[in-house]
Amino acid sequence: MPAAHLSVDGISHTYKRGQVRALDNLNFQVEPGEALALVGRSGCGKSTLLHIMAGLMTPTSGKTLIDGRTVSGPSPNWVMMFQKPSLYPWMTVAQNVALGLKFTGRTAEIAKRVPEMLELVELADYADRNVQDLSGGQQQRVALARSLAPKPEVLFLDEPFSALDAFTRNNLQRDVRRIAKELDITLVLVTHDLSEAIIMAERAVVLSANPGQISDIIEIDLDNRDDLRTPEYVAARTRLTKAYEKAAGLDFEARHVNASMPSSHADKNMKPAAADRAAVL
Ligand SMILES: Nc1ncnc2c1ncn2[C@@H]1O[C@H](COP(=O)(O)OP(=O)(O)OP(=O)(O)O)[C@@H](O)[C@H]1O
Ligand SMILES: [Mg+2]
């Protein structure tokens with residue numbers, strides 16, 4: 001199935017509980033086959049937006065269109081991967097991967113499709129293993145294979161690698177991007193991690209908070225995403241960091257001025273910004 005076009009049209013959302021205005025009039029497009037990152041500080045509405053785009057939540061107003069059709073609920077054509085792989089521990093790797101096909105009544109495809117997917121995520125030798133015996137990174141690969149088995153047009157990812165060690169995370173980031181390109185899948189990724197956004201995405205929508213609004217859309221135009229030391233990577237990183245800081249209201253110029261002030265002023269003004277900067281870098 002060819003990759004899908006997504007259109008986010010005037011999405012606003014207020015949670016009834018606490019009357020939290022999470023999102024305010026968001027509008028953007030995701031091109032077919034594009035990988036797009038949603039970035040912004042904690043609580044700015046990234047997960048809310050992703051859940052709405054995937055049809056797991058209904059927005060207060062506005063809509064998402066996937067290939068011109070209004071999203072009104074979940075579908076095997078667009079699948080979501082979460083931070084925890086949520087596999088069935090009593091089933092084998094192959095049985096877990098087959099679930100998406102089973103639930104959608106496509107059991108005839110299981111025999112061919114499951115081995116193909118396991119090959120793709122480099123777990124062909126693990127088909128009959130119990131998922132409990134796998135590492136966190138391997139379990140996330142099983143979840144990825146399960147998500148991909150029904151041939152979705154769009155893959156939504158909500159910080160799916162944040163529980164993994166840096167090396168495993170890095171490999172999966174590259175693998176998911178490669179696989180999405182190979183299978184022609186549109187990717188929408190939520191992340192706090194700016195390196196992850198740069199490695200995986202061609203554009204980043206940067207959100208500001210309270211309520212969540214688009215602060216910037218940054219192009220990440222890189223020929224080589226494997227080498228994090230190229231001038232292009234460093235330039236993209238600088239652009240995205242600046243946009244993130246602007247959206248998060250982190251004024252580092254002011255912080256430097258504060259640093260030369262009497263310590264009582266400097267401490268009061270620096271601590272939250274310093275904590276946020278640590279989150280960005
Ligand atoms: N079920 C809910 N009921 C009420 N308010 C909620 C609910 N879920 C989220 N919120 C609020 O909506 C806002 C956006 O939350 P959301 O989870 O989308 O943020 P996020 O950007 O994904 O944050 P994080 O990076 O920490 O995951 C926050 O102010 C949050 O407290
Ligand atoms: Mg979130």
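# Exercises on a predicted model: sheet, helices and ligand shell

Seven bridges join β1 to β2, and these two strands run antiparallel. The model is predicted: local features need pLDDT of at least 70, side-chain atom pairs count only at pLDDT 80 or more, and totals for chains, interfaces and linings use all residues. Residues are numbered from 1 along each chain as its sequence is written, while chains are lettered from A and ligands numbered from 1 in the order in which they are written.

## Exercise 1: the sheet

Task: State the order of the strands in the open sheet and find the strands at its edges.

Solution.

1. Helices (H or I, at least four residues) and strands (E, at least two) are DSSP runs, numbered from the N terminus. Two strands pair if DSSP finds at least two bridges between them.
2. In the pair β1 and β2, T14 stands opposite R21 of β2. Four residues lie between the strands of this hairpin, and G18 takes a positive phi near 80 degrees.
3. β1 also pairs with β4, antiparallel, over five bridges. There the bridge partner of S7 is L65 in β4.
4. β4 (residues 61–66) and β5 form an antiparallel pair with two bridges; I66 has R69 of β5 as its bridge partner.
5. Put together, the four strands have the order β2-β1-β4-β5, with antiparallel pairing. β2 and β5 (69–70) are at the edges with a single partner strand each, so one side of each has no neighbour in the sheet.

## Exercise 2: two helix pairs

Task: Describe how α4 crosses α5, then how α2 crosses α3.

Solution.

1. Two packed helices are described by the angle between their axes and the distance between the axes. Axes are lines fitted to C-alpha atoms, for helices over the stretch in contact, and angles run from 0 to 180 degrees between N-to-C directions.
2. The axes of α4 (residues 136–148) and α5 (residues 166–183) come within 11 Å and cross at roughly 15 degrees. Angles under 35 degrees count as roughly parallel, over 145 as roughly antiparallel, 65 to 115 as roughly perpendicular and the rest as oblique. α4 and α5 are therefore roughly parallel.
3. Contact requires C-beta atoms, placed from the backbone, within 7 Å. On the α4 side, G137, Q140, L144 and L148 meet T168, L172, V176, I179 and L183 of α5. These contact residues divide into six nonpolar, three polar and no charged. Here Ala, Val, Leu, Ile, Met, Phe, Trp, Tyr, Cys and Pro count as nonpolar, Asp, Glu, Lys and Arg as charged, and the others, Gly among them, as polar.
4. For α2 (residues 93–103) and α3 (residues 110–120), the axes come within 10 Å and cross at roughly 120 degrees. That makes α2 oblique to α3.
5. A94, V97, A98 and L101 of α2 meet I110, R113, V114, M117 and L118 of α3. By class, this contact has eight nonpolar, no polar and one charged residues.

## Exercise 3: the ligand shell

Task: Find which elements supply the shell around ligand 1 and give its classes.

Solution.

1. A residue is near a molecule if its C-beta atom, placed from the backbone, lies within 6 Å of it. Of the 14 residues around ligand 1, Y15, S42, K46, S47 and T48 come nearest.
2. β2 (20–30) and α1 (46–53) each supply at least two shell residues. The largest share, three residues, comes from α1.
3. The shell has four nonpolar, eight polar and two charged residues.
4. As for its place on the sheet, α1 lies across β1 (6–15), β2 and β4, at about 125 degrees to β1.

Terms used. Two residues are in contact if their C-beta atoms, placed from the backbone, lie within 7 Å.
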